Amino acid sequence: MTFVTKLTFQSGNRYELEEQLSDLQAMLERKGAECKGPHASPPEHHTVPQYRNLGPGDEFSSWDYTVYSRKLEIHGNDHIAREVGHMEFPESLHVEIEVEQKKPLGHRNK
């Protein structure tokens, strides 16, 4: 059975996100891992109201920010995916890891 490791990266700093992903991709290519991506999602723009007090009424101007997302998949190469899962990333980068088990066609569940 093959495993697919799906990585989702999010950050408010697009340049740091791109730099980390290019370093990661270079490492994966150097180690011979089969990967797909990174695939970019459209940036998400958020607006958060800010209040001077806990009660409604007196407000500061809203806080606007953008979140950039990229997705990357590592096929097979479980040891490399495990190594990526234990890597240290900057605090400004949010990383989600999902592992999916792919069964060959015709495989029966018992």
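1. Helices and strands in this note are DSSP runs, counted from the N terminus, with at least four residues for a helix and at least two for a strand. In this predicted model, the span of residues 6–98 is 27% helix and 51% strand, and its end C-alpha atoms lie 5 Å apart. The UniProt record, an unreviewed entry, annotates residues 6–98 as "domain: Small ribosomal subunit protein uS10".

2. On the pairing of strands, β3 (residues 59–75) is joined to β1 by eight bridges, and these two strands run antiparallel. One place to look for this pairing is Gln10, whose bridge partner in β3 is Ser69.

3. Strand β3 also pairs with strand β2 (residues 34–51), again in the antiparallel sense, and here the pairing extends over 13 bridges. Within β3, Thr66 is the bridge partner of His45.

4. Turning to the aromatic rings, the model holds two aromatic pairs. One of them is formed by Phe9 and Phe89, which meet edge-to-face, with 5.7 Å from centre to centre and 70 degrees between the planes. This pair links distant parts of the chain, since Phe9 belongs to strand β1 (residues 2–11) while Phe89 sits in the loop between α2 (78–85) and β4 (93–102), 80 residues apart.

5. Is Phe9 buried or exposed? Phe9 counts as buried because its relative accessibility is 1%, and the cut-off for buried is under 20%.

6. A last point concerns a charged side chain and a ring: Arg14 lies over the face of Tyr15, at 4.9 Å from the ring centre.

Note on methods
Residues numbered from 1 in each chain as written. Heavy atoms only, no water. UniProt positions renumbered as here; feature names shortened; annotations may be inferred. Phe/Tyr/Trp six-rings, centres within 6.5 Å; stacked < 30°, edge-to-face > 60°. Buried < 20%, exposed > 50% of the residue type's maximum accessible area, 1.4 Å probe, protein only. Lys NZ or Arg CZ within 6 Å of the ring centre and 35° of its normal. Pairing = 2+ DSSP bridges.
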